[in-house]
Amino acid sequence: MTGAIGIKGHCAHCDITFELKAWQLNAIAIEVPFDCPYCQRVLALNCPRQLRHFKALDHWALVRPGMVALTCVVLIVALVAEWLGLLSVLGQFNLSSLVVLVHFAVLRYARHQQRLTLNLQAVNPALPIKQLARIACARLGQQ
Ligand SMILES: [Zn+2]
């Protein structure tokens, strides 16, 4: 989850939007509920669409290095083509400008995809610890 820092979470219970930390992102990734840092309610990402988007973020993190490599290759190829006489100076200039333009457009889109606010819903844990303790005490009392 190296490229996914900067994702925000919105607590449906206390209506606060906060920056998610790495361990919280990991908890969401493995679908384990975690406590809201403000209201201490147990939160989970219940929206399948957002969960899909969240899990696709790893792929978006690869877009940047991929685009840098691709752009460099195209720029070098265009220069060599011009040098070999396969491309005019204007053609080389047009191609290079186009590639740089596409490069920034793609990175902008990738950044937009990575800027995400997850709507976290408060969930009720199956059995709270207190309740489990009470059941255990009751059982011990019967013996
Ligand atoms: Zn909260």
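Start with residues 61–81. Over that span the chain is 95% helix and 0% strand. The C-alpha atoms at its two ends are 31 Å apart. Keep in mind that this is a predicted model.

Why pick that span? It comes from the record: UniProt, in an unreviewed entry, places the feature "transmembrane region" at residues 61–81 and at 93–110. Residues 93–110 are 100% helix, again with 0% strand. There the end C-alpha atoms lie 26 Å apart.

Now the helix itself. Helix H4 covers residues 63–83, which is 21 residues. From first C-alpha to last, H4 reaches 30 Å. That is close to the 30 Å expected at 1.5 Å a residue. Just after H4 comes Gly85, with a positive phi of about 85°.

Step back to the whole protein. We have 6 helices and 5 strands. From the N terminus on, the order is β-β-α-β-β-α-α-α-α-β-α.

On to the sheet. How are the 5 strands ordered? They run S2-S1-S5-S4-S3, in an open sheet with mixed pairing. The edges are strand S2, at 17–19, and strand S3, at 34–35. Each edge strand pairs on one side only. As a reminder, strands of a sheet pair through backbone hydrogen bonds, either parallel or antiparallel.

Let's walk through some of the pairs. Take strand S1, residues 8–11, and strand S5, residues 117–122. They pair in the parallel sense, over 4 bridges. Within that pair, Gly9 has Leu118 in S5 as its bridge partner.

Next, S5 and S4. These two run antiparallel, joined by 2 bridges. Here Leu43 stands opposite Ala122 in S5.

Then S4 and S3. Strand S4 is residues 42–44, and its pairing with S3 is antiparallel over 2 bridges. Which residue of S4 stands opposite Phe34? It is Leu43. So look at Leu43 on screen. On one side it faces Phe34, and it also stands opposite Ala122 in S5. 

Last, two totals. Of the 143 residues of the protein, 6% count as buried. As for contacts with a separation of 6 or more, 67% come from residues 24 or more positions apart.

Terms used:
Residues are numbered from 1 along each chain as its sequence is written. This is a predicted model: local features need pLDDT of at least 70, side-chain atom pairs count only at pLDDT 80 or more; totals for chains, interfaces and linings use all residues. UniProt positions are given in the numbering used here, feature names are shortened, and annotations may be inferred rather than shown by experiment. Two strands pair if DSSP finds at least two bridges between them. A residue is buried if 20 or more other C-beta atoms lie within 10 Å of its own, exposed if 12 or fewer, and partly exposed in between; C-beta atoms are placed from the backbone. Two residues are in contact if their C-beta atoms, placed from the backbone, lie within 7 Å. The expected span of a helix is 1.5 Å times one less than its number of residues.
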